[in-house]
Amino acid sequence: MFTILVANPKGGAGKSTLSTNISGMLAALKQRVVIMDLDKQQSATNWLARRPDALPRIMSWTEETDMGELRAFAPQWMVIDTHARLRRADRTYLLSRANVVLVPVNPSVFDIEATAKFLLKLHQDPNVHGGRVAIGLIGSRTDSRTRIAQELSSFFQRSGLPVIAYIPDSVLYPQCARDGTSIYELPRGRTEQQLDAWQPLVSWLKAEVARSREAKNAKPDNTLPRRSDLQIA
Ligand SMILES: Nc1ncnc2c1ncn2[C@@H]1O[C@H](COP(=O)(O)OP(=O)(O)OP(=O)(O)O)[C@@H](O)[C@H]1O
Ligand SMILES: [Mg+2]
């Protein structure tokens, strides 16, 4: 099971939008996906509850999930949507289970400042520092023509971390959030610009899956992480 941790301590950075759209993208590719929603606001869980039955199933993992059902579903991917105040112990635990961390960042000085501190903390983690877990930066709601988008881009370059994609600001995302769907599940004519923006993320994930398969000794085990090991208040 390939585990994608989506994290940023800044509220509204685009974590749930990224988590739900990645899940929809993988489901559209006939992959079995489970979302572990660690946010009390339950944005991803509520999104799943609104998901039309006709779309490929995505499982949600909440306190109430039947673990037997989850094991039988045999997820190939886990997407972990986190909340803004992730405790250090939980971060460490989740990093020990994740294959990659995606960090969405809004083009805003406040968001850049908060993310800079977070990236330092991430970098100090042995799993990140040792190279087992890759970090990928994502520009959220970014209009490349704006000056602040260029500042976000310079911040990303200075961090030395891989910049994976810039997701444009689009009304399609709140619409997908409302309808329990993803940009991968809308009619193509409406989503072309978005799908182009997402393509580098799809390619990066493919490369990371290949990398994790090759790193035989560094692979996390395939058991499901335990919610009870987290200290979420
Ligand atoms: N690319 C985008 N275009 C337009 N709106 C967006 C985009 N990305 C996110 N949004 C909107 O921005 C708001 C915040 O996004 P989201 O809820 O995904 O952030 P979050 O990091 O999960 O927030 P929280 O920290 O509260 O969990 C939402 O209303 C969402 O619909
Ligand atoms: Mg959220």
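So, Met-36 sits opposite Trp-61, which belongs to strand 3. Keep in mind that this is a predicted model. Met-36 is part of strand 2, where it points the same way as Val-34, while Val-33, Ile-35 and Asp-37 point the other way.

Let's stay with strand 2 for a moment. On the strand 3 side, the two strands run parallel, and four bridges join them. Strand 3 covers residues 58-61. Between these two strands we have helix 2, residues 43-49, and the three pieces together make a right-handed β-α-β unit.

Strand 2 also pairs with strand 4, again in the parallel sense, and here there are five bridges. If you want a spot to look for on screen, Asp-37 stands opposite Asp-81 of strand 4.

Now, buried or exposed, what are the residues of strand 2? Five of the five, residues 33-37, are buried, so the strand is largely enclosed by the rest of the structure. That goes for the residues pointing either way, Asp-37 included.

Okay, on to the loops, and two backbone oddities. Ala-74 has a positive phi, near 50°, and it isn't a glycine. You'll find Ala-74 in the loop that runs between helix 3 (67-73) and strand 4 (77-81). It has 9 other C-beta atoms within 10 Å, so it counts as exposed.

The other one is Arg-141, also not a glycine, with a positive phi of about 45°. Arg-141 lies in the loop between strand 6 (134-139) and helix 7 (147-159). Is this arginine buried or exposed? Arg-141 counts as buried, because it has 20 C-beta neighbours inside 10 Å, and 20 is exactly where the buried class begins.

Note on methods
Residues numbered from 1 in each chain as written. Chains lettered and ligands numbered in written order. Predicted model: local features only at pLDDT ≥ 70, side-chain atom pairs only at ≥ 80, totals over all residues. Buried ≥ 20, exposed ≤ 12 C-beta atoms within 10 Å, placed from the backbone. Pairing = 2+ DSSP bridges. Right-handed = clockwise from strand over helix to strand, strands pointing away.
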